[in-house]
Structure formats: C-alpha cells, structure tokens
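Subject: Handover of a structure for your study

Dear colleague,

Please find below the structure that I am handing over to you. I would ask you to keep it open while you read the notes that follow it.

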Amino acid sequence: APLAQLKISPDYLWKSLQNRQNGLTDLRSFVKTTVHSGMLRQTFKQVFLIRGTQFMRVDTMNMFGQPMGVLIHKPGSTAFYNPETGRVIRGAEVSNAMRQALGTVINFAEFISISSGGIPRLEKMRLVGARLDAEKKFTG
C-alpha cells in the first residue's frame with residue numbers, strides 16, 4: 001500500500017514517544033557557543049552535564065580555556081559560581097542575573113528534559129489520532 005494510506009495506531013505512536021523520552025537519561029556534551037549582541041561577538045566553550053531529569057551543570061570557558069562561570073541546577077536549588085569574583089549566587093539572585101544578561105529566565109526543569117530527548121509536558125498530552133506524512137518514511 002502507498003505510504004500515505006498506511007495507518008499507525010495511536011497506542012503505537014504514544015508508546016514510541018514515551019520510549020524516546022525515557023531512552024536518554026544522562027548527557028555530556030561539549031559545545032562551542034557564539035553570542036552576537038549588536039557589534040559584540042563572543043565565542044565560548046561550554047560543557048553540559050545532565051544527569052537524569054533533575055540535575056544539570058554548565059561550565060563556561062573562554063576560547064583560551066579559562067573558566068568564566070559554572071551553573072549548577074538541581075531540584076529546589078540553582079547556583080552560579082563566578083571565578084572572576086570568587087562569588088557564588090543562589091536562588092532568585094541567579095534568576096535576576098540571568099534576566100539582566102539574557103533578557104529572560106530559563107526554566108531549567110524544562111531545559112533539562114528537552115536537552116535529554118524529552119517532550120515538554122508529554123504526560124499532560126492526549127493523543128486523539130495518528131497518521132503518516134506522505135513525504136516522510138516511518139520506521140519503527
């Protein structure tokens with residue numbers, strides 16, 4: 001049968017999404033990040049460590065490998081260490097610093113989930129139907 005006529009059961013699709021979400025639990029990634037802000041362009045090296053769905057650590061270094069900051073998030077606690085000042089900030093201070101630096105505050109629980117293959121709020125979704133996209137091949 002042509003691909004467009006094949007059916008996928010909603011239960012099969014739902015189980016596939018749940019398996020995908022539960023498949024990756026720990027992540028270590030080395031990232032090169034470039035930030036453009038007006039005339040300023042900065043490049044950083046970052047190490048992301050994610051353990052399960054609760055813990056995240058991000059070490060940020062300049063291009064010469066010198067540490068610029070360490071952010072650690074675990075349930076109920078977020079802290080940022082600034083090696084330049086030797087100061088650790090926690091809780092609401094981290095949110096305020098993020099708002100000033102980035103213009104927003106990151107929801108770390110959601111970020112951790114997405115970074116480790118999760119689908120935001122999957123447990124609250126309800127699947128009402130499933131079909132194949134005629135342009136894509138389905139493998140399962």
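**Overview of the chain**

Buried residues make up 21% of the 140 residues in the chain. Please bear in mind throughout that this is a predicted model. The surface that the chain exposes comes to about 10,500 Å², and carbon and sulfur atoms supply 53% of it.

The secondary structure consists of three helices and six strands. If you follow the sequence from its beginning, you will meet these elements in the pattern α-β-β-β-β-β-β-α-α. Among the contacts with a separation of 6 or more, 33% are between residues 24 or more positions apart.

**The sheet**

How are the six strands arranged in the sheet? They form an open sheet in the order β1-β2-β3-β4-β5-β6, with antiparallel pairing. The edges are taken by β1 (26–37) and β6 (87–90); each has a single partner strand, so one side of each is left without a neighbour in the sheet. On average, neighbouring strands are turned by 15° against each other, direction ignored. As background, strands of a sheet pair through backbone hydrogen bonds, either parallel or antiparallel.

You may find it helpful to trace a path across part of this sheet, from β3 to β6. Strand β3 (residues 55–61) pairs with strand β4 (residues 67–74) over six bridges, in the antiparallel sense. Within this pairing, D59 has V70 of β4 as its bridge partner. Strand β4 is joined in turn to strand β5 (residues 77–82) by five bridges, and the two run antiparallel. Here V70 stands opposite Y81 in β5. Four bridges then pair β5 with β6, again in the antiparallel sense, and the bridge partner of Y81 in β6 is V88.

Two of the connections on this path are hairpins, and both are described here. The hairpin of β4 and β5 has two residues between the strands, and G76 in its turn has a positive phi of about 80°. In the hairpin of β5 and β6 there are four residues between the strands; G86 in that turn has a positive phi of about 75°.

**The nonpolar core**

Which residues form the largest nonpolar core? It has nine residues: F48, I50, M56, V58, L71, I89, V94, M98 and F108. Two or more of them are given by each of the elements β2 (40–51), β3 and α2 (92–102). In general terms, nonpolar side chains tend to be buried together in soluble globular proteins.

L71 is a useful residue from which to view the surroundings of the core. Not counting residues up to four places away in sequence, L71 touches M56, R57, V58, T78, A79, F80, V94 and F108.

**Salt bridges**

How many salt bridges does a search of the whole structure find? It finds two. One of them is formed by D59 and R57, whose closest N and O atoms are 2.6 Å apart. D59 is buried, with a relative accessible area of 17%, while R57 counts as partly exposed at 28% relative accessibility. You have already met D59 above as the bridge partner of V70.

In the other salt bridge, the side chains of E93 and R87 meet at 2.4 Å, N to O. E93 is partly exposed, with a relative accessible area of 38%. R87 is also partly exposed, with a value of 45%.

**The loop between β3 and β4**

Finally, I would draw your attention to two residues of one loop. N62 is found in the loop between β3 and β4, and F64 is found there as well. Is each of them buried or exposed? N62 has a relative accessible area of 17% and is buried, because the limit for a buried residue is under 20%. F64 has a relative accessible area of 75% and is exposed, because an exposed residue has a value over 50%.

Each of these residues can also be placed relative to F44. N62 and F44 are 18 residues apart in sequence, and their C-alpha atoms are 4.9 Å apart in space. F64 and F44 are 20 residues apart in sequence, with 9.0 Å between their C-alpha atoms. Leaving aside neighbours within four places in sequence, N62 is in contact with K45 and M68.

Yours faithfully,

A colleague

Definitions and conventions: Residues are numbered from 1 along each chain as its sequence is written. This is a predicted model: local features need pLDDT of at least 70, side-chain atom pairs count only at pLDDT 80 or more; totals for chains, interfaces and linings use all residues. Side-chain values use heavy atoms; hydrogens and water are left out. Buried means under 20% relative accessible area, exposed over 50%, partly exposed in between (1.4 Å probe, protein chains only). Contact means heavy atoms within 4.5 Å. Accessible areas come from the Shrake-Rupley method with a 1.4 Å probe; for residues, only the protein chains shown count as cover. Two strands pair if DSSP finds at least two bridges between them. Axes are lines fitted to C-alpha atoms, for helices over the stretch in contact, and angles run from 0 to 180 degrees between N-to-C directions. A nonpolar core is a set of buried Ala, Val, Leu, Ile, Met, Phe, Trp, Tyr and Cys residues joined through side-chain atoms within 4.5 Å. A salt bridge is a side-chain nitrogen of Lys or Arg within 4 Å of a carboxyl oxygen of Asp or Glu.
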